[in-house]
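Visitor: I have a few questions about how the terms are applied here. Please show me the structure, and then take me through the reasoning.

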Amino acid sequence: MEILNLEGAEDTPKIILDKNNGIFEISGRSLPEDSAEFYRPILEWLGKYGASPNPKTSFVFKLEYFNTASSKLILDILSKLEDIPGMSVMWYYNEDDEDMQEAGEEFSELVEIPFEFKTY
Amino acid sequence: MSEEILKALTQLFAIITKQDGGVTENERDYIIRFFQQELDKDSVKEYVDLYDQFVGYNVEDNGEVKVEKKLTSVKDSVKTLAICKKINKTLTQKQKVIVLIKILELVASDKNLAFQRMEIIDTISNVFNIGKDEFKLIEAFVLTEDFASLDFSDLLVVNSEPIIPNPQLKHIFTENLNGTILFMKVDSVDLYFVKYIGKDDLILNGFIVKYNHVYLFSNGSTIKGPKSAPLYYSDLIVNFQADFKANKLSFNAKALEYKFKNGGIGLRNVNISEGPGKLIGIMGASGAGKTTLLNVLAGIESPTDGEVLINGINIHKEKDKIQGVIGYVSQDDLLIEELTVYQNLYYNAKLCFKDLNEAELDKRVIEVLSSLGLEQRKDLKVGSVLDKTISGGQRKRLNIALELIREPAVMFVDEPTSGLSSRDSENVIDLLKELSLKGKLIFVVIHQPSSDIYKMFDKMFIMDTGGYPIFYGNPVEAVTYFKKATHQVDSERGQCGVCGNVNPEQIFNIIEAKVVDEYGQFTNKRKVNPQQWNELFTEKFKLDKTEDIKEQPPKNLKIPSKLKQILIFTTRDFLSKISNKQYLIINLLEAPLLAFLLAFVIRYKNVTEGGAYVYRFNENIPAFILIAIVVALFMGLTVSAEEIIKDRKILKREAFLNLSRTSYLCSKLSILFFLSAIQTLSFVLLGNYILEIDSMTFSYWLALFSISCFANVLGLNVSSAFNSAVTVYIIIPLLLIPQMVLSGLLFSFDKLNNMISTKGKVPIIADLMASRWAYEAIAVYHYKNNPYQASFYTLEKETAVADFKEAYWLPQVLEKITFSQNNYKSTDDSVKREVALSLDLIKNELAGEKDFMAGNKLDLDKVLSMEGFNDEVAGKLRSQLEALEKFYLEKFSKAESLKERFIALKESKFDFKLNDFKDKYFNESLSDLVRNVNAKDRIIEYENRLLKQSDPVYTDPVKPASFLDYRTHFFAPVKHMFGVLYDTFYFNIIVIWLMSLILYFALYFEVFKKIIEIFSK
């Protein structure tokens, strides 16, 4: 499977999805103008990955900020991940960022994937 | 709304208002108003507190300098998502659209439409799965005050400007409206919303509309301005629907006259002409003939003169052509009280549309219910008028729904608002108005309408006492017309200039104004009498005639086949019966309770015989059979006697559907028969068990079931013939007592009034009683076929016959011979006559012994006459009879010994003890009864025959006089008909069913009802 690699910018997160090396990561800030359009390729990629996933997948979220529209798409991504066996989520947050920690906890309640919380 | 959802919403409101500068007082007020709408006073505070807590209202900053956040916190974003997900799981799409509108209104309340807030709302709409375009429409509708900038095809503008510039917007012009009313259709959920931007006090369904406030414009809503014409829901939805077509319909009533049976005149020269889509009111003083007019127009009563044409079809003469076109909602309640709202409508629909499948039917019913605002009530039982579960207004609406569901093109509604609250009345008329706007023509008899209701009519037909038409035209003009006619001041004004109210009472005050006498008291004399009003009417009014349309009137009635109707009727009836718990329990327990009571009381054995109860010696068995029959009759009658009376009104309505009477009756009968089967079975099982009547269950049940079914049909006859339940219950004894008296047990048939009794035969009048057939059937079968008697019956019959012949019959015949021999030479005329009679008797009696006499070569006809009889003949006969005596003696002893041998064989080979067997299966009293052992004379002379009085059950009936002669003595073991002998039991059962069949035909043709009508004339 090809590697999906998006460089981060001021408004968009950095994204690496690499099946062979087992790297799945979204990091940075997410407030794209049209979040649905921005996240569409990621959802598509995950759709394909879901058809033949690795036995274990650890998906890393290392976000500084996301806006409301992005939150909906993150939820969409999480819902996609939910269907993939052997899935777990690593939720990184800044030690001082209580909001991001709580947001992660809230997400973890909306989907049935094991969440692991880590500070950076 | 559940607490959980309300809490979620509160949180959602809080998150949104927190953004971009935080909550303002206006927004908080909006939230409080929202809570006030949804909650009671106490809870409002609780929720406001909750909201304040979420939003951080009134929280002191504690000196901390809050950094103004530019971005929505990620926590709030995810929280919003979580809440929306939760709402998605509980609320319907319609509710979600309403929630979205509430949220938009909230941010609009202080016009803080900052980016963060809108972003959250956009996401919410996204999670709610509301389409992007629709969201834009809703957003624009809620947030924009000036429609000029809008251009959506799902928006409708109502104002007093003749033309609006926006090409896409729909527009309705209305007079005298300040500002603009804006309607929006949310297509995906089929909801309409309205808001008003202007200064008038608009009334939406009785509530004042607030400025720039969004309201749900639900089914049947009406929005009225103080001076502008009311806007009806259907008026408006038509604008959103591209494919609205008017029905092709013409309704012409020409020169109708109607005379009552007593000669009074009900209608005089009534002319009405209408097209589709009209709501016509019929008003008049009580007794003016409003309902008569409605009945004639609807085709229920035929006019004495004149005709009513729908699309050129005479509705009174060509009923089959207009089947299903007319709907009639009578003043009475036509609901089946035991069924739910849904079921009432469902079964009605099922009878109207054979082509629809279950899902389609269900859809249609739900549609009609929701259009009448009854969807919430659909699973409630209708209940009786006194024991209400749904309100009077709802009942009325349901009554209308029953007609509505098949969408008749012309509807007649009799006083739909009587007894309803003003709000309910308005709802009902709103509904009718809406229907008329869909192209139906609706006539409504209306009494004391309120101003609002009055104004909703397109036309008003006013009648005066004696059936005189006195006005036909626009309702508001009626006021001016009558004012003018009586030269009143201010006669140009029909309605109040300020409030727009019309006072319909005024019309009747004018019409019925009384002359005042010199003391200022009203006299009974009217200022203008009905004739004068009518003259004025004919002078002033020209009928605006609608051309007869040549097409078939629109209809979509498709009646199912007769068999299917039976099924529908039966299911409907069955459901209504089982839903009435009291009725069901009483009916099912009645029989076993009676059986227990009866059997327990009469479980008796003569004490002197000692020991335990022995069935054989119970003296009450014959009486038990009679009471069982009476119980079966009684249960059968009472259960059916009210059936048709109860349904009468429903039948009247369903008459418009031309449903099959056979189907209806069959459904009634099948339910009643089923009930009777259960009742009689439980009675027999318990009664026979207690009395230890063994192995007779089926025969008892079959006889009792037959008699109960007979009573069912009889009861239905009574029910259809009389018009009140009380009369019917008074009639019941009249039907029951003769059945008891002439059952054969209480009074011997031989000891009845000579006028009715025939010796040796059951009197004809008793033959008319089903009870007598049932009694005989059970008694004979029970005696003949019980396991004890069954083996011996034939032998014992032989014994009994031989014994009787030899011991009673022969001596009598011999005596007659001796008498004849002694006196045949006498010259005394009276003696001669007696001899002739006695010779005749001998001949009659010996005819029965033909086989035996054949060897004798005596021509009995010849020798047993005054001419042929002599001593020689007497001697010959005597020797013959001696031989006959020997023959019978032999026969007797042969049969006896056979029986003994048979018993001995049985006792030796099987485990058989005669006495035990007899104790178990044989009843002495029953035996005494059917063998008539208590008869004083075993043989009597009657009409030149010797009549055997004893052992009727062993006596085959005498030869029938004709092919169709069925008559025999009581308890005969066999019956004859068409020259064949039948077993009494089955013969009698068939007779009972034949009687039921005859009664069924009487029921079908309503024979009893017609007879009563003839007598009442």
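Guide: Start with a yardstick: the expected span of a helix is 1.5 Å times one less than its number of residues. Keep in mind that this is a predicted model.

Visitor: How do you know that the span of helix α20 (residues 621-640) of chain B agrees with its 20 residues?

Guide: At 1.5 Å a residue, those 20 residues should span 28 Å. The end C-alpha atoms of α20(B) are 29 Å apart, so the two values agree.

Visitor: Why is α20(B) called largely enclosed?

Guide: A residue is buried if 20 or more other C-beta atoms lie within 10 Å of its own. In α20(B), 15 of the 20 residues are buried, so the rest of the structure largely encloses this helix.

Visitor: What makes a set of residues a nonpolar core?

Guide: The members are buried nonpolar residues such as Ala, Leu and Ile, joined through C-beta atoms within 7 Å. The largest core here has 192 residues, and B:A401, B:L704 and B:I707 touch the most other members. Helix α23 (residues 697-721) of chain B gives the largest share, 15 residues. Apart from this core lies another, of 86 residues, including B:L9 and B:F35.

Visitor: Which residues does B:I707 touch, beyond those up to four places away in sequence?

Guide: Among them are B:I629, B:A632 and B:L633. B:I707 also touches B:A770, B:S771, B:A774 and B:I992.

Visitor: What is the confidence in chain B?

Guide: The scale runs from 0 to 100. Chain B has a mean pLDDT of 83, and 94% of its residues reach 70 or more. Helix α34 (residues 984-1004) of chain B is highest in that chain, at a mean of 94, and helix α29 (residues 850-854) of chain B is lowest, at 66. Over residues 60-68 of chain B, pLDDT is below 50. Where pLDDT is low, the predicted coordinates should not be read in detail.

Visitor: How many residues does each chain bring to the contact?

Guide: Chain A brings 15 residues and chain B brings 17 residues. On the chain A side, β4 (57-66), α2 (68-82) and α3 (98-110) each give two or more. α3(A) gives the most, with seven residues. By class, the chain A side has eight nonpolar, three polar and four charged residues. The model scores ipTM 0.91 and pTM 0.65.

Visitor: What makes up chain A?

Guide: Chain A has three helices and six strands. Along the sequence they follow the pattern β-β-β-α-β-α-β-α-β. Of its 120 residues, 31% are buried.

Methods:
Residues numbered from 1 in each chain as written. Chains lettered and ligands numbered in written order. Predicted model: local features only at pLDDT ≥ 70, side-chain atom pairs only at ≥ 80, totals over all residues. Buried ≥ 20, exposed ≤ 12 C-beta atoms within 10 Å, placed from the backbone. Helix = DSSP H or I, 4+ residues; strand = E, 2+ residues; numbered from the N terminus. Contact = placed C-beta atoms within 7 Å. pLDDT = per-residue confidence, 0-100. Nonpolar A, V, L, I, M, F, W, Y, C, P; charged D, E, K, R; others polar.
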